[in-house]
Amino acid sequence: MTWKTLVAAATLLAGFAAATTDASAQYAGPRVENAAYSDRQYGGASDTFSASEIVEKGHGFFGSMSRGLAGIVEKATSQWGEPNGYILGEEAAGAFVGGLRYGEGKLFTRGEGEQHVYWQGPSLGFDFGGDGARTMILVYNLRSPNAIFSRFAGINGSAYLVGGLGMTALKDYDTVLVPIRTGLGARLGVNVGYLKFTPTSTWNPF
């Protein structure tokens, strides 16, 4: 790869990062619709899941691939505290500089039951490969179950790897999502992007 190619890729990367930040800021409709949940103090201490609960759920979900899960959860807890929701699902992704990711699963919260969710998103950067993975997403500061339907942009420097699991982090306002993934294949490199969560499936990642 020549230096000219690197400069071009870096320029595209910077532009895409700005675009995803703008898109995340603009996609705020569900927050107004669910303002009533703020009065109920949804997401208080009694609504969170302890690290031991998350590890137990994760061991059952990932099975033999859960080596390193306790370390991942400990890392997430030390940075963001206890989550007040989590998602269990599967996803597929691929990239060659630019990439796409699609997934579906169920969001679990205390007192609100569970609901089906879908997510899609693009990425751009020095990122090559493909994977199909079981995914557990820890959810922090979620104001209501429907507030998950938004765009969450990646947080720089949040990547973490231990055992056979990898962790990244995404954010929209005060809500933080921490996807924990394992599966076939690998996607390595530096990338920037976002995930868009929807109540129904769609092929449109934007």
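When I call a residue buried in this talk, I mean that its relative accessible area is under 20%. With that word settled, let me add that what we are looking at is a predicted model, and then walk through it.

I will begin with the overall layout. The secondary structure of the chain amounts to 5 helices and 7 strands, and, reading from the N terminus, the order of the elements is α-α-α-α-α-β-β-β-β-β-β-β. The chain has 206 residues, of which 44% are buried, and its accessible surface is about 10,300 Å², with 58% of that belonging to carbon and sulfur atoms. If we take the contacts between residues at least 6 apart in sequence, 73% of them join residues at least 24 apart.

Now to the interior. In soluble globular proteins, nonpolar side chains tend to be buried together. Here the largest nonpolar core holds 20 residues, and those touching the most other members are Ile54, Phe62, Tyr86, Met136, Leu138, Val178 and Ile180. Helices and strands both contribute to this core, since at least two of its residues come from each of α4 (51-62), α5 (69-80), β1 (85-109), β2 (113-140), β5 (165-167) and β7 (175-198). Apart from this, there is a second, separate core of 15 residues, which includes Leu107, Val139, Phe149 and Leu195.

Two residues give a closer view of how these parts meet. Isoleucine 180, if we leave aside its neighbours within four places in sequence, is in contact with residues that include Phe62, Leu69, Ile72, Met136, Leu138 and Leu165. Alanine 76, which belongs to helix α5, is buried with a relative accessible area of 0%, and, again leaving aside neighbours within four places, its contacts are Gly81, Leu138, Tyr140, Met167 and Val178. The C-alpha atom of alanine 76 is 9.2 Å from that of alanine 51, a residue 25 places away along the chain.

Let me turn to the aromatic rings, of which the whole structure has 7 pairs. In one of them, the ring centres of phenylalanine 61 and phenylalanine 62 are 5.1 Å apart and the planes meet at 65°, so this pair is edge-to-face; both of these phenylalanines are buried. The pair formed by phenylalanine 152 and phenylalanine 197 is also edge-to-face, because its planes stand at 90°, with the centres 5.7 Å apart. Since phenylalanine 152 is in strand β3 (residues 151-154) and phenylalanine 197 is in strand β7, this pair ties together parts that are 45 residues apart in sequence, and both of its members are buried.

Ring pairs also link Phe49, Tyr86 and Phe108 into a cluster, and over the ring of phenylalanine 49 sits the charged end of arginine 110, 4.3 Å from the ring centre. A related arrangement involves phenylalanine 61, whose face has arginine 134 lying over it, at 5.0 Å from the ring centre.

I will finish with the backbone. Most residues other than glycine have a negative phi. Which residue in the loop between β2 and β3 should we look at in this light? That residue is asparagine 141, which has a positive phi of about 60° and, at 48% relative accessibility, is partly exposed. Tyrosine 173, placed in the loop between β6 (170-172) and β7, likewise has a positive phi, near 55°, and is partly exposed with a relative accessible area of 45%.

How values were computed. Residues numbered from 1 in each chain as written. Predicted model: local features only at pLDDT ≥ 70, side-chain atom pairs only at ≥ 80, totals over all residues. Heavy atoms only, no water. Core = buried A, V, L, I, M, F, W, Y, C linked by side-chain atoms within 4.5 Å. Buried < 20%, exposed > 50% of the residue type's maximum accessible area, 1.4 Å probe, protein only. Helix = DSSP H or I, 4+ residues; strand = E, 2+ residues; numbered from the N terminus. Contact = heavy atoms within 4.5 Å. Areas by Shrake-Rupley, 256 points an atom, 1.4 Å probe, with all protein chains shown as cover. Phe/Tyr/Trp six-rings, centres within 6.5 Å; stacked < 30°, edge-to-face > 60°. Lys NZ or Arg CZ within 6 Å of the ring centre and 35° of its normal.
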